[in-house]
Amino acid sequence: LKDTMLSNFKRVQEAFRSIEEILKATGEYTSGKTIETFRFKAYSLEPRLMACLTRPFPTGIYGILGEKFSRGRTNIQVARQMVDGGIDILQYREKLTDKSRRQIYDECLEIRKITADAGVPFIVNDYADVALMVGADGVHQGQEDLPIKALRRVAPDLMLGCSTHSPEQAQKAIEDGADYIGVGPIFTTQTKEDVCDAVGFDYLEHIVA
């Protein structure tokens with residue numbers, strides 16, 4: 001859809017340019033200037049409409065909720081504190097080993113209200129069904145989770161993120177249509193189970209470049 005829209009914008013702009021040049025060359029300078037105005041309007045309209053097809057991803061701090069690391073506070077409490085503190089995007093991350101699917105749904109429903117009121121994008125880790133049911137902005141997947149390309153077919157409007165640990169995984173995520181990729185772990189971590197070795201700064205620098 002993006003390619004089709006972009007191609008047709010170029011056709012319209014070139015058509016205006018051709019008409020404009022013909023009019024000016026045949027002495028209809030005033031009419032040519034009018035067409036020139038239309039051409040410039042087409043230029044300004046293009047990025048505005050193309051932006052409608054792009055999922056916005058904010059710059060800033062991407063916060064991740066995890067109740068067992070929150071020193072006795074609930075995910076709901078921490079979500080409110082993060083939002084009040086100016087977080088730019090918020091991910092809910094809980095495992096079925098720690099909470100039931102209904103608990104996860106109920107918490108996400110409440111956090112969705114908190115983030116929506118604050119205008120903060122809300123991402124659900126792993127559970128695409130929960131993300132869709134609560135009206136989240138996106139879902140984040142790991143390498144062993146649902147494939148991005150397949151997920152896009154059932155959730156075309158969700159922002160899709162994918163964790164990556166190598167250049168090959170990053171390239172695959174991009175080709176499959178991920179809206180953003182996670183890079184890491186940069187350092188050795190004890191907050192995730194069954195995690196790969198730290199990738200260090202070399203991989204991060206590769207991705208940034």
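Cys-162 is buried in this predicted model, with a relative accessible area of 7%. Cys-108 likewise counts as buried, at 0% relative accessibility. A disulfide is a covalent bond between the sulfur atoms of two cysteines. Searching the whole structure yields zero disulfides. Cys-108 takes part in none, and the cysteine sulfur nearest to that of Cys-108 belongs to Cys-162, 19 Å away.

## The sheet

Six strands form an open sheet with parallel pairing, in the order β1-β2-β3-β4-β5-β6. Its edges are β1 and β6 (180-183), each of which pairs on one side only. On average, and with direction ignored, neighbouring strands of the sheet are turned by 25° against each other. Strands of a sheet pair through backbone hydrogen bonds, either parallel or antiparallel.

Two of the strand pairs can be described in detail. Between β5 and β6 the parallel pairing extends over four bridges, and Ser-163 stands opposite Gly-182 in β6. Between β3 and β4 the parallel pairing extends over three bridges, and Val-124 stands opposite Val-139 in β4.

In a regular strand the side chains alternate between the two faces of the sheet. Strand β4 (residues 138-141) has Gly-138 and His-140 pointing one way and Val-139 and Gln-141 pointing the other way. All four of these residues are buried.

## Helices on the sheet

Helix α4 lies across β1, β2 and β3, and runs at about 170° to β2. Helix α3 (residues 75-84) contains the buried residues Asn-75, Ile-76, Val-78, Ala-79 and Val-83. Viewed down the axis of α3, these buried residues fall within an arc of 165°, and therefore they line one face of the helix. They pack against β1 (62-65), β2 (89-92) and α4 (101-118). After α3 comes Gly-86, which has a positive phi near 95°.

## The nonpolar core

In soluble globular proteins, nonpolar side chains tend to be buried together. The largest nonpolar core here has 30 residues, of which Leu-65, Tyr-92, Cys-108, Ile-111, Phe-122, Val-124 and Val-139 touch the most other members. Two or more residues of this core come from each of α3, β2, α4, β3 (122-125), α5 (128-134), α6 (148-154) and β5 (159-164).

Which residues does Ile-111 touch, not counting residues up to four places away in sequence? Its partners are Leu-65, Asn-75, Ile-76, Ala-79, Leu-90, Tyr-92 and Phe-122. Among them, Leu-65, Tyr-92 and Phe-122 also belong to the group of core residues that touch the most other members. Asn-75, Ile-76 and Ala-79 are among the buried residues of α3.

## Residues in other helices

Phe-16 is placed in helix α1 (residues 2-25). Leaving aside neighbours within four places in sequence, Phe-16 is in contact with Ile-35, Phe-38, Arg-39 and Ala-42. Phe-16 and Ala-42 are 26 residues apart in sequence, and their C-alpha atoms are 9.1 Å apart.

Glu-36 is placed in helix α2 (residues 29-51). When neighbours within four places in sequence are left aside, the contacts of Glu-36 are Glu-20 and Lys-24.

Phe-201 is placed in helix α8 (residues 200-208). Not counting residues up to four places away in sequence, Phe-201 touches Ile-186 and Phe-187. Phe-201 and Ile-111 are 90 residues apart in sequence and 33 Å apart in space, C-alpha to C-alpha.

Is Glu-36 buried or exposed? The table gives the class of Glu-36 together with those of the two phenylalanines.

| Residue | Class | Relative accessible area |
|---|---|---|
| Glu-36 | buried | 13% |
| Phe-16 | partly exposed | 22% |
| Phe-201 | partly exposed | 48% |

Glu-36 counts as buried because its relative accessible area, 13%, is under 20%. Phe-16, at 22%, is not under that 20% cut-off and is therefore classed as partly exposed. Phe-201, at 48%, is not over 50%, so Phe-201 is also classed as partly exposed.

Conventions: Residues numbered from 1 in each chain as written. Predicted model: local features only at pLDDT ≥ 70, side-chain atom pairs only at ≥ 80, totals over all residues. Heavy atoms only, no water. Buried < 20%, exposed > 50% of the residue type's maximum accessible area, 1.4 Å probe, protein only. Contact = heavy atoms within 4.5 Å. Arc of directions from axis to C-beta. Core = buried A, V, L, I, M, F, W, Y, C linked by side-chain atoms within 4.5 Å. Pairing = 2+ DSSP bridges. Axes fitted to C-alpha atoms, helices over the stretch in contact; angles between N-to-C directions. Disulfide = S-S within 2.5 Å.
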